[in-house]
Amino acid sequence: MLSSAATLIGGNIIYSASMPDNYTPLVFQDPDPYKLFGKDPEMTILNNKPWNIEAKAHLLNDNVTPNKSMFVRNNGLIPQDIDVSKWTITFDGESVVSSKTYTLQDLKTKFKHYTYQLTLECGGNGRSEFNPPAKGNQWTIGAVSCAEWTGVRLKDVLEDVGIKNNAVYIGYHGADIHLSKDPTKEAISRGVPMYKAYQEETLLAFKMNGEDIPLTHGYPLRLVAGGWPASTSGKWIKGISVRDKIHDGAKMKAPSYTVPCNTVSPGDKVKEENMCIIESMPVKSLITYPKTGAMINEGESLNIKGHAWAGELAVKSMAYSIDFGATWNTCVLNKPINRLAWQHFNATIKFPKKGYYEVWAKATDENGVSQPMIVPGWNPKGYLNNACHRIAVKVK
Ligand SMILES: Nc1nc2c(c(=O)[nH]1)N[C@H]1C(S)=C(S)[C@@H](COP(=O)(O)O)O[C@H]1N2
Ligand SMILES: [Mo]
């Protein structure tokens with residue numbers, strides 16, 4: 001552990017040889033997460049045990065999200081001691097013909113590589129706005145990313161393994177450690193139905209933005225299921241179980257990552273059997289330029305930029321309002337580079353006179369469904385808040 005940890009923080013641990021095995025150097029009890037994970041100093045830390053870190057809207061301005069502004073959502077402790085040369089992934093479960101193990105090298109050499117930009121948004125992004133409040137990380141708007149992932153198609157590997165036709169769901173197993181440090185417990189073990197597992201864009205990825213995946217984001221192997229709650233994109237993947245029923249791993253059961261099957265009033269208690277698993281994420285957008293609080297002079301126009309996404313669907317149109325939603329204007333909206341990648345929009349705004357304005361952004365998906373202007377459907381765990389994003393602008 002010490003040697004890998006020393007590489008992480010970029011220093012040497014003097015006298016490490018004489019440390020007892022269970023001794024944790026002070027530096028690991030209180031590391032600088034920005035340096036440790038290579039994050040922008042403007043990122044917001046929501047929790048350190050486990051690490052949960054979110055972006056601010058303007059940090060997400062890049063078309064492809066770099067590591068420095070990618071949110072971190074961990075349910076357990078980051079695995080240490082990763083020896084890539086010994087890394088394997090095992091396929092098992094009721095619905096494999098027989099279980100099969102691949103080394104990372106097998107995966108990389110046996111199967112064709114594909115690269116896609118894929119949007120990953122935490123199901124709880126926007127939770128901080130629900131009322132009554134929902135427990136959990138109080139994400140504002142920054143638990144979303146769209147990086148470029150390279151790997152092999154899960155589908156190609158499943159076909160090589162041999163899957164029975166009673167397969168219903170896959171469940172992932174990661175190498176991270178349960179917060180209790182109980183080795184028999186998994187921090188999280190979620191998955192997707194077979195049709196999502198078989199999609200061309202569902203990857204077992206070993207590269208992010210052309211480089212090894214950063215440790216916090218799942219090095220050396222990650223499942224990436226774009227457009228679905230990012231909790232289905234398992235990090236540090238050691239195994240995939242192919243199940244003959246809905247996977248029943250950690251955090252598959254209500255209330256985790258589920259919403260009431262029928263809408264409820266704010267604050268209602270909902271029985272487990274009336275909660276449904278979240279699948280595709282809803283339509284949403286973010287204004288990433290300028291940063292909220294921008295000031296311009298009267299007569300100047302303002303260029304705004306941002307991204308829009310809609311789970312499994314494409315975004316059809318993008319609008320902005322400078323009068324709190326009373327009237328809307330059209331933004332220029334680009335097509336996605338590939339399915340499940342976020343789309344970029346921009347607009348040039350002219351303000352009628354001096355004053356305080358808010359610029360609101362509203363995306364509409366290809367089914368004609370738009371973002372609500374205020375927090376939608378209350379649910380016990382505060383998932384799926386896709387309300388319009390807004391920034392403040394002052395015209396002097
Ligand atoms: N093994 C493992 N995979 C995981 C998690 C985790 O804690 N352990 N967190 C999930 C959740 S809830 C989210 S939102 C995403 C976050 O991905 P990121 O930290 O790379 O942004 O990873 C998912 N995959
Ligand atoms: Mo998440």
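Guide: In what follows, buried means under 20% relative accessible area, exposed means over 50%, and partly exposed is in between. The structure is a predicted model.

Visitor: Is N137 buried or exposed?
Guide: N137 sits in the loop between β6 (113–121) and β7 (144–153). Its relative accessibility is 10%. Buried requires a value under 20%, so N137 is buried.

Visitor: Which residue has a side chain in polar contact with the side chain of N137?
Guide: Leaving out residues up to four places away in sequence, N137 touches L46, N47, N52, R73 and R127. A polar contact of 3.5 Å links the side chain of N137 to that of N52.

Visitor: Which residues come nearest to ligand 1?
Guide: There are 18 residues around ligand 1. Those that come nearest are F71, D176, H217, R222 and K235.

Visitor: Which residue places a polar side-chain atom 2.6 Å from an oxygen atom of ligand 1?
Guide: For F71, the atom lying 2.6 Å from a ligand 1 oxygen is a backbone N or O. For N75 a backbone N or O atom is again the partner, 2.7 Å from an oxygen atom of ligand 1. The polar side-chain atom at 2.6 Å from a ligand oxygen belongs to K235.

Visitor: How much of the accessible area of ligand 1 does the protein cover?
Guide: On its own, ligand 1 has 540 Å² of accessible area. The space that ligand 1 takes is the largest cavity. The share of the ligand 1 area covered by the protein is 100%.

Visitor: Which residues of helix α5 are buried?
Guide: An α-helix has 3.6 residues a turn, so residues three or four places apart point the same way. Helix α5 spans residues 154–161. Its buried residues are L154, D156, V157, L158 and V161.

Visitor: Which residue with a positive phi follows α5?
Guide: The residue that comes after α5 has a phi near 95°. That value is positive, and the residue is G162.

Visitor: How far apart are the C-alpha atoms of L60 and V144?
Guide: L60 is in the loop between β2 (51–54) and β3 (72–73), and at 1% relative accessibility L60 counts as buried. Apart from neighbours within four places in sequence, the contacts of L60 include V144, L286, H307 and W342. L60 and V144 are 84 residues apart along the chain, and their C-alpha atoms are separated by 8.7 Å.

Visitor: What is the omega of the peptide bond from Y219 to P220?
Guide: P220 is in the loop between β11 (211–212) and β12 (222–224). The bond from Y219 to P220 is cis, with omega near 5°.

Visitor: What is the omega of the peptide bond from A254 to P255?
Guide: P255 is placed in the loop between β13 (237–243) and β14 (258–260). The bond that leads into P255 from A254 is cis, with omega near 10°.

Visitor: Is K181 buried or exposed?
Guide: K181 is in the loop between β8 (169–174) and β9 (191–193). Its phi is near 65°, which is positive although the residue is not glycine. Exposed requires over 50%, so at 60% relative accessibility K181 is exposed.

Visitor: What is the phi of F324?
Guide: F324 belongs to the loop between β19 (315–321) and β20 (329–330). With 45% relative accessibility, F324 is partly exposed. Its phi is positive, in a residue other than glycine, and is near 60°.

Visitor: What is the relative accessible area of C388?
Guide: C388 is in the loop between β23 (355–365) and β24 (389–395). Outside its neighbours within four places in sequence, C388 contacts W328, A361, K362, Q371, P372 and M373. C388 is buried, with a relative accessible area of 7%.

Visitor: How far apart in space are K316 and E366, C-alpha to C-alpha?
Guide: K316 lies in strand β19, and its 52% relative accessibility counts as exposed. Residues up to four places away aside, K316 touches L333, T364, D365, E366 and G368. K316 and E366 are 50 residues apart in sequence, and their C-alpha to C-alpha distance is 4.9 Å.

Definitions and conventions:
Residues are numbered from 1 along each chain as its sequence is written. Chains are lettered from A and ligands numbered from 1 in the order in which they are written. This is a predicted model: local features need pLDDT of at least 70, side-chain atom pairs count only at pLDDT 80 or more; totals for chains, interfaces and linings use all residues. Side-chain values use heavy atoms; hydrogens and water are left out. Helices (H or I, at least four residues) and strands (E, at least two) are DSSP runs, numbered from the N terminus. Buried means under 20% relative accessible area, exposed over 50%, partly exposed in between (1.4 Å probe, protein chains only). A polar contact is a pair of N or O atoms within 3.5 Å; within protein, one must be able to donate a hydrogen and the other to accept it, and residues adjacent in sequence count only if both atoms are side-chain atoms. Contact means heavy atoms within 4.5 Å. A residue is near a molecule or strand if one of its heavy atoms lies within 4 Å of it. Accessible areas come from the Shrake-Rupley method with a 1.4 Å probe; for residues, only the protein chains shown count as cover. On a 1 Å grid over the protein atoms alone, a cavity is a set of points where a 1.4 Å probe fits but cannot get out, and a pocket is an open set with protein on both sides within 12 Å along at least five of seven lines; lining residues have an atom within 4 Å of a point. A molecule sits in a cavity or pocket if more than half of its atoms lie within 2 Å of its grid points.
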